[in-house]
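Work through the exercises below with the sequence and the model side by side, and try each task before reading its solution.

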Amino acid sequence: MYIEIEKTKNEKRIITDEEFCFLRDFIYDKCGIYFRIEKKYLIEDKVIERMAHLNLRSVSDYIYYLKYNEKKDQEITVLYDYITINETSFFRNEPQFTVLKEEILDEIISRGNNLGLKYLKVWSAGCSSGEEPYTLSIVLNDYFESLKSTENKGNNKNNQSYNNWYFDILATDISQSVLNKAIKGVYGEYSLRTTDPKIISRCFNKISEKEYEIKNQYRQNVKFKKLNLLDNNDLSLLPSFDIIFCRNVLIYFDLNAKKKVLDSFYNLLKPNGYLFLGHSESLHGITSAFKLVLFQKALVYKKEV
Amino acid sequence: MEEKVQLLKQNIFTKLYNLKNLPVMPGLAIELMSYTIDEETSIKELANLISKDPSLTAQILKVSNSAFYALKRKVGSLEQAIILLGLREIKNLIFTLSIIKLFPKKTKFSFDKIAFLKHSVVTGRTAEILTKVFKLNFQTSPFIAGLLHDIGKIFLDQYFHYEFNLAVERAKQDNKNLFEVEAEELGTDHAYIGGYIAKSWNFPEELIDAINFHHCPDEKNKNILLICVVSIADILTNLREEWLTFPHSGLNIFDLKAWKILVENCLIKDFDIERILFEIDDELEKSDEVVNNFKNDFF
């Protein structure tokens, strides 16, 4: 018995591709997030750690535990916290922002022009330390600036009018401490690792060796607010939105909570408004209210009416 | 049709109908076309056949041992490779390695060979995924159909380099499908040409049609199901790749004619589209690794 344990300690345990697929499928079915093969290394170490902690000898035992053990919900939460490393950064998953500025905004703006309603409302739900809403602010500011200048030069493409348009971004999170950090607007190099250096120099002030502060021009359209996505009172105070970003937040909710939040999103979206989730997230099996629209390297959900 | 285009179209067909100008698919691949999974094929026989091409053999062994297949055991011989990968996958691999040989060595190939190969391989994989999702059964390997769908572009780039690339540029600028612009500028298109090339290799009709009609599926065609699979696989793969293909951006897959045809022909009601796209991402990742690791061997 003693010898067996020793032997197990010395062997470097890795997860086979097959075991990874089992685990990946379980997580996908359970919470709608798909782990790509490139992320296998991320999961590997943590799963082995948990297995050792729980005294489980095989990955299939671990999956069994996740499915049937009375403490499964706790374990799933622990697993998530381990494997969903804090991925937030400016311009995280850039294709989504590219699609926003090159396709979706045009559609919404032209509709607004036709209806005579020149107000764009965006919600960053689960904004964490602010990278996402400030990124949206940069994207939207740039979009309107460039179109206004084109129009003023007399190149009125598509007969659209971009002057007199307003936009605001509501950024909410359940944690006040994280919101405080967002309001401060100061970031380190890690948060800017996925950002074009030209944008960094244009939109941030370097306030110290390694710290950057978002410029005021990009703060003024962003409003931070504490909000619990499951609290009906909180939600009842909200207006309607053209676009909702809710990336890598829903994965932490159980199925019923997910459905509830998505229901709220649907009701709070204007007709033909768009919902952006995390790039590996899926609504399949959770709700079919939204239409799935495929853009270049981005899946977006639409409240098609 | 404009006179200039008529003339160009004639030139293209003259060139195309001259067998000498057509790319040559390695004999082994052609022979393998008729090896089916049901036939009792001696593994030793197959290994002997393949080993007549030492460089192909070496490539097979190398790729078998790579992360592309992530096999549990090391592959030391062709027979082992055949046993571990299975006949179908060995065929797929041989076709993949053969398509590389279709690139002309002498002329400058204007578009990115690596990107072309990746797109072809992943379209093949996606065709396999779709075949499984719709629970279909084809005589031809859907992977091979997806792999070869764009071979017409190789011919056009080699012999009508200037005109073909003009069409490619215009398609990008005008936000149109290449297929449409080719018809306007060349009087024909890469799909028709690819189908003709497949015919010159005596490939099965199902495969010829899948290549020929992948941009214009017609339900009257008896091979419509494979055509639709390749058509959709091409579109979905494009949507997950790096470069922009504007004509399809903003797509609701259920609006695609090819998708509607497939749905009508099966009993499945629910589709996990998101999952299909994520799996395509995985295939892109895998093929990236293999192609980048082997580009010196391949090109």
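**Exercise 1.** Find which residues touch the most other members of the largest nonpolar core.

*Solution.* Begin with the term itself: a nonpolar core is a set of buried Ala, Val, Leu, Ile, Met, Phe, Trp, Tyr and Cys residues joined through C-beta atoms within 7 Å, where buried means that 20 or more other C-beta atoms lie within 10 Å of a residue's own, with C-beta atoms placed from the backbone. The largest such core in this predicted model has 145 residues, and those touching the most other members are Ile244(A), Cys246(A), Leu275(A), Val300(A), Val229(B) and Ile232(B). The largest share of this core, 12 residues, is supplied by α13(B).

**Exercise 2.** Determine how many residues each chain brings to the contact between chain A and chain B.

*Solution.* Chain B gives 20 residues and chain A gives 18, a contact being two residues whose C-beta atoms, placed from the backbone, lie within 7 Å. On the side of chain B that touches chain A, the elements giving two or more residues are α13 (224–240) and α15 (273–298) of chain B, helices being DSSP runs of H or I with at least four residues. Of these, α15(B) provides the largest share, nine residues.

**Exercise 3.** Locate where confidence is lowest in chain A.

*Solution.* Confidence is given by pLDDT, which runs from 0 to 100, and in chain A it is lowest in helix α1 (residues 2–10), at a mean of 39. Over residues 1–11 of chain A the pLDDT is below 50, and this stretch has zero contacts beyond near neighbours in sequence. Where pLDDT is low, the predicted coordinates should not be read in detail.

Notes:
Residues numbered from 1 in each chain as written. Chains lettered and ligands numbered in written order. Predicted model: local features only at pLDDT ≥ 70, side-chain atom pairs only at ≥ 80, totals over all residues. Buried ≥ 20, exposed ≤ 12 C-beta atoms within 10 Å, placed from the backbone. pLDDT = per-residue confidence, 0-100.
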